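User: I have a few questions about how the terms are applied here. Please take them one at a time.

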Amino acid sequence: MSKVALITGGSRGIGRGIAEYLHEKGFSVAITSRREADEDAQGKFLCIVADNASAEARQRAVDETLARFGRIDILVNNAGIAPRVRADLLDMGEDSMHELLDVNLVGPFFLTQLVARHMIQQGSGTIINITSMSANVVSVNRGEYCVSKAGLSMMTQLFAVRLAEYGIPVYEIRPGIIATDMTSKVKDKYDALIEGGITPIKRWGYPEDIAKAVYALSQDLLPFSTGEIINVDGGFHLQRL
Ligand code: NAP
């Protein structure tokens, strides 16, 4: 029987990379996105139009995945947004903070709650949260993003502890600079930083780099570990002198 993965924000970027990789590895894959996924995705995955900020849509995503596949083995909380405008901390609007927290933190929190209840009944499962190096690196022109990712990192620890007794591990994957639509607007900035050596492994990361980490964690090969942070950032997090 193939394992079933539910991946939020799977129509593009990192989520799409994870969906493609798990599909190649024989998983049954369900993805969500706000807009309809392309035809190629529709042919391979169960594609659910569901805004992760909506409680009704999250419930529907779980129900549709269970109706099609009967179980959820891996939940990947990947859907996330950057601020519409990179505003200085002293100017940032309250709306932007609410929008980012709703999509990047409140949505994943309550989707995890729903799926965790199901995984407990099922007797197994793995939960993976895609945070960001911004969980602990300060960018004063997108503070709401940093706060949302720091919250998601704490959420990983909370659910890791709560679900440990049920044998359900919860992990955090912390990506660095990854080539997707999200970073395309700041490509020149990151090209220069990478060229200047900001990452010991001197290249952009790609969605497949994150996908391989998700696949590794989905293999039940870390049975005495939960709540771990897996940095997929070319070594960016290492302090250097
Ligand atoms: P992306 O290229 O902008 O893709 C985002 C995906 O999420 C799309 O499929 C999008 O589809 C979906 N999505 C956005 N808002 C959604 C919502 N409210 N409900 C459901 N789906 C939603 O972004 P990405 O770079 O792949 O980022 C994926 C995750 O990795 C995010 O959590 C991001 O914060 C994190 N991350 C990215 C980087 C990076 O360098 N790219 C680094 C660190 C962490 P629709 O637009 O159709 O909804």
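User: What makes a residue count as around the ligand, and which come nearest?

Analyst: A residue is near if one of its heavy atoms lies within 4 Å of the molecule. There are 30 residues around the ligand, and Arg12, Arg34, Arg35, Tyr145 and Thr180 come nearest. This is a predicted model: local features need pLDDT of at least 70, side-chain atom pairs pLDDT 80 or more, while totals for chains, interfaces and linings use all residues. Residues are numbered from 1 along each chain, and side-chain values use heavy atoms, without hydrogens and water.

User: Why is the pair of Arg35 and the ligand called a polar contact?

Analyst: A polar contact is a pair of N or O atoms within 3.5 Å. An N or O atom in the Arg35 side chain is 2.5 Å from a ligand oxygen, so the pair qualifies. For Tyr145, a polar side-chain atom lies 2.6 Å from a ligand oxygen. For Lys149, the distance from a side-chain N or O atom to a ligand oxygen is 2.9 Å.

User: Which residue classes make up the shell around the ligand?

Analyst: The shell has 11 nonpolar, 13 polar and 6 charged residues. Asp, Glu, Lys and Arg count as charged; Ala, Val, Leu, Ile, Met, Phe, Trp, Tyr, Cys and Pro as nonpolar; the others, Gly among them, as polar.

User: Why is the pair of Tyr21 and Tyr215 called edge-to-face?

Analyst: Phe, Tyr and Trp rings (for Trp, the six-membered ring) pair if their centres lie within 6.5 Å; planes under 30 degrees apart are stacked, over 60 edge-to-face, the rest tilted. The structure holds 5 aromatic pairs. Tyr21 and Tyr215 are 5.8 Å apart, centre to centre, with 70 degrees between the planes, so edge-to-face applies.

Methods
Polar contact = N/O pair within 3.5 Å; in protein donor to acceptor, adjacent residues only side chain to side chain.
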